[in-house]
Amino acid sequence: MIVTSEEHINYRRIEEAIRFLEHNFQRQPELDEVAERVHLSPFHFQRIFTEWAGISPKRFLQFVTVDFLKKKLAESRNLVEAAEQAG
């Protein structure tokens with residue numbers, strides 16, 4: 001399989017977006033902010049992210065948040081505290 005320059009660029013953009021979402025999920029960044037971070041319009045970012053990740057950016061953010069909450073609840077059992085930490 002031959003990888004085009006555009007595919008390589010899109011891979012890097014989605015990789016950066018995933019890292020950004022994982023590091024900033026507690027403040028729940030908006031689609032526009034993440035798209036700007038990877039130098040795409042929100043429309044194109046949504047389309048490319050979904051194509052590469054298999055889920056929408058919003059759904060990915062939900063998964064990251066829920067995973068964090070599960071870990072916090074296993075540590076503390078205090079739902080309010082865990083929810084506040086998750087953003």
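## Exercises on a predicted helical model

Arg12, Glu15 and Arg19 are linked in a network of salt bridges. The model is predicted, and the exercises below start from this network.

**Exercise 1.** State where Arg12 and Glu15 lie with respect to each other and how exposed each one is.

Solution.
- Step 1: Take the contact itself. Arg12 and Glu15 form a salt bridge in which the closest N and O atoms are 2.8 Å apart. The cut-off for such a pair is 4 Å.
- Step 2: Place the residues. Both belong to helix H1 (residues 5–24), and because they are three residues apart, about one helical turn separates them.
- Step 3: Check exposure. Arg12 has a relative accessible area of 42% and is partly exposed. Glu15, at 25%, is also partly exposed.
- Step 4: Add the general background. Side chains of opposite charge can pair when their charged atoms come close.

**Exercise 2.** Find which residue forms a salt bridge with Glu16, and say which helices the pair links.

Solution.
- Step 1: The partner of Glu16 is Arg37, with the closest N and O atoms 3.5 Å apart.
- Step 2: Glu16 sits in helix H1 and Arg37 in helix H2, 21 residues apart, so the pair links distant parts of the chain.
- Step 3: Glu16 is partly exposed at 31% relative accessibility, and Arg37 is partly exposed at 43%.
- Step 4: Another salt bridge joins the side chains of Glu33 and Arg27, at 2.5 Å from N to O. Here Glu33 has a relative accessibility of 30% and Arg27 one of 45%; Glu33 counts as partly exposed, as does Arg27.
- Step 5: The structure holds five salt bridges, including those treated above.

**Exercise 3.** Describe the largest nonpolar core and the place of Val34 in it.

Solution.
- Step 1: The core has 16 residues, and Ala17, Leu21, Val34, Phe45 and Phe49 touch the most other members.
- Step 2: Two or more residues come from each of H1, H2, helix H3 (42–53) and helix H4 (57–76).
- Step 3: Leaving out residues up to four places away in sequence, Val34 touches Ala17, Phe20, Leu21, Pro29 and Phe45.
- Step 4: As general background, nonpolar side chains tend to be buried together in soluble globular proteins.

**Exercise 4.** Give the volume of the largest pocket and name the element that gives the most to its lining.

Solution.
- Step 1: The volume is about 200 Å³.
- Step 2: Among the lining residues are Leu21, Pro29, Val34, Gln46, Pro57 and Leu61.
- Step 3: H2 and H4 are the elements that give two or more residues to this lining. H4 gives the most, with four residues.
- Step 4: Compare with Exercise 3. Leu21 and Val34 are named among the core members that touch the most others, and both also line the pocket.

**Exercise 5.** Is Phe25 buried or exposed?

Solution.
- Step 1: Phe25 is found in the loop between H1 and H2.
- Step 2: Its relative accessible area is 8%, so Phe25 is buried; the limit is under 20%.
- Step 3: The C-alpha atoms of Phe25 and Val64 are separated by 7.1 Å, although the two residues are 39 apart along the chain.

**Exercise 6.** Which helix of the model has the lowest mean pLDDT, and which the highest?

Solution.
- Step 1: The mean pLDDT of the protein is 89, with 87% of residues at 70 or more.
- Step 2: Helix H5 (residues 79–86) has the lowest mean among the elements, 69, and helix H2 (residues 31–37) the highest, 98.

Notes:
Residues are numbered from 1 along each chain as its sequence is written. This is a predicted model: local features need pLDDT of at least 70, side-chain atom pairs count only at pLDDT 80 or more; totals for chains, interfaces and linings use all residues. Side-chain values use heavy atoms; hydrogens and water are left out. pLDDT is the predictor's confidence in each residue, from 0 to 100. Buried means under 20% relative accessible area, exposed over 50%, partly exposed in between (1.4 Å probe, protein chains only). A nonpolar core is a set of buried Ala, Val, Leu, Ile, Met, Phe, Trp, Tyr and Cys residues joined through side-chain atoms within 4.5 Å. Contact means heavy atoms within 4.5 Å. On a 1 Å grid over the protein atoms alone, a cavity is a set of points where a 1.4 Å probe fits but cannot get out, and a pocket is an open set with protein on both sides within 12 Å along at least five of seven lines; lining residues have an atom within 4 Å of a point. Grid points are joined across faces, edges and corners, and a volume is the space filled by probe spheres set on the points.
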